[in-house]
Amino acid sequence: LKSWNKAIKKQIQEGNVNRGLTTFVSMQEKGFHPDNFTFPILIEAASCRSLISLGYALHSHTIKSGYCDDLYVQTSLLNMYSSFENVHHAYKVFKQMPVKDIIAWNSMLDAYASNGYTKEAAMLFESAPLKDVTSLNIMISGHAKAGQFQLALALFNAVPARDTASWNSMIFACSLAGHMEEARRLFDKVPKKNIVTWNTMVSGFLKTELYVEVLELFNQMRAENFKPDHVTISSVLAA
RNA sequence: AUUGUUCUUAGGAGC
């Protein structure tokens, strides 16, 4: 069963969801029943491809096979409905979870924050018994996407426990609001930049047509031994 | 190391 799951995951990671589903079917034909490891793999594939009817089918399959009470299965279903922008179903799953760990709380927080339910997100963030830096990051990027630059900044400043993703989200929030000088100021203060930090800054400058700054950034990138990745390339190509 | 949460580009998918 382990190797079936591994095979399905590998096929999906290679971008071949159909192949993964075929494997899923043949494993059952050979008498292997999917377990609590199998479902999250398939559910996540349905999420990122927006395969809505597959998602529903998988959900009912988890119920029929008795795996719907597994924490990982539940969390992946929650996130699946969130990615389908179906916050009500996401909440329904969340509400029915008897045990919720921090990932479950963060997943529900993200369901609200990423789908524009800013009030609900803020309330959940206040009341959540389990929080970490990811919860903060979810809130910052939620505010950013909602065009609430000031709220994002206030939260960012209020919480000293930040990681690189927090900085990246805040830089992104600045770019969205058109505050490129602030974005650059933060960028220069990031303690540990990663490739996303660079890409966020590059695409911010590209969107605001600050091409000289983009070139400077590329030089600085080389000086600091970062290599452009496929995201860097496609953001330049798109501009 | 068989599974679930947050940050950047494009595309795809849906509305």
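**Entry 1: Asn199**

I began with Asn199, which touches Asp229, Val231 and Thr232 once residues up to four places away in sequence are set aside. I was working in a predicted model, so I keep that in mind for every entry here. Asn199 sits in helix α13. Is Asn199 buried or exposed? I found Asn199 buried, with a relative accessible area of 9%. I also checked how Asn199 stands to Met108: the two are 91 residues apart in sequence, and their C-alpha atoms are 27 Å apart in space.

**Entry 2: Thr197, on the same helix**

I stayed with helix α13, which covers residues 195–207 and also holds Thr197. Thr197 has a relative accessible area of 0%, so I noted it as buried, the cut-off being under 20%. What is Thr197 in contact with, leaving aside neighbours within four places in sequence? I listed Thr164, Asn168, Ile171, Phe187 and Val190.

**Entry 3: the whole chain**

Next I stepped back to look at chain A. I counted 15 helices and zero strands. The C-alpha trace spans about 60 × 40 × 25 Å along its principal axes. Of the 239 residues in chain A, 44% count as buried. I then looked at contacts in chain A with a separation of 6 or more, and 56% of them are between residues 24 or more positions apart.

**Entry 4: the nonpolar core**

I went looking for the largest nonpolar core and found 65 residues in it. Which of its members touch the most others? They are Leu58, Leu78, Met108, Met170 and Met201. Helix α7, residues 102–114, gives the largest share of this core, with seven residues.

I picked Leu78 for a closer look. Leaving aside neighbours within four places in sequence, Leu78 is in contact with Ala90, Val93, Phe94, Met97, Ala104, Ser107, Met108 and Ala111. Met108 therefore appears in my notes again, as one of the contacts of Leu78, with contact taken as heavy atoms within 4.5 Å.

**Entry 5: RNA strand B**

I turned to the RNA and asked which residues come nearest to strand B. Of the 40 residues around RNA strand B, those are Asn5, Pro40, Asn137, Asn168 and Ser234. I had already met Asn168, as a contact of Thr197.

By class, the surface near RNA strand B has 14 nonpolar, 18 polar and eight charged residues. I also looked from the RNA side: of the strand B atoms within 4 Å of the protein, 43% belong to sugar or phosphate, and the rest belong to bases.

I then noted three polar contacts to a sugar or linking oxygen of RNA strand B. One is with an N or O atom in the side chain of Asn79, at 3.2 Å. Another is with an N or O atom in the side chain of Ser169, at 3.3 Å. For Ser235, a polar backbone atom is the partner, again at 3.3 Å. Which elements give two or more residues to the surface near RNA strand B? I wrote down α1 (2–13), α3 (38–48), α5 (71–83), α7, α9 (133–145), α11 (164–176), α13 and α15 (230–238).

**Entry 6: Ala7**

I took Ala7 as my example from helix α1. Ala7 is partly exposed, at 27% relative accessibility. Thr23 lies 16 residues away along the chain, and the C-alpha atoms of Ala7 and Thr23 are separated by 7.8 Å.

**Entry 7: positive phi in two loops**

I noted two residues with a positive phi that are not glycines. Ser50 has a phi of about 55 degrees, and Glu209 has one of about 60 degrees. Where does each of them lie? Ser50 is in the loop between α3 and α4 (52–64), while Glu209 is in the loop between α13 and α14 (211–223). Ser50 counts as partly exposed at 48% relative accessibility. Glu209, at 57% relative accessibility, counts as exposed, because the cut-off for that class is over 50%.

**Entry 8: cysteines**

Last, I asked how many disulfides there are. The count comes to zero disulfides, the rule being a pair of cysteine sulfur atoms within 2.5 Å. I looked up two cysteines while I was there. Cys48 is exposed, with a relative accessible area of 61%. Cys68 is partly exposed, with a relative accessible area of 31%.

Notes: Residues numbered from 1 in each chain as written. Chains lettered and ligands numbered in written order. Predicted model: local features only at pLDDT ≥ 70, side-chain atom pairs only at ≥ 80, totals over all residues. Heavy atoms only, no water. Buried < 20%, exposed > 50% of the residue type's maximum accessible area, 1.4 Å probe, protein only. Core = buried A, V, L, I, M, F, W, Y, C linked by side-chain atoms within 4.5 Å. Helix = DSSP H or I, 4+ residues; strand = E, 2+ residues; numbered from the N terminus. Near = heavy atom within 4 Å. Polar contact = N/O pair within 3.5 Å; in protein donor to acceptor, adjacent residues only side chain to side chain. Nonpolar A, V, L, I, M, F, W, Y, C, P; charged D, E, K, R; others polar.
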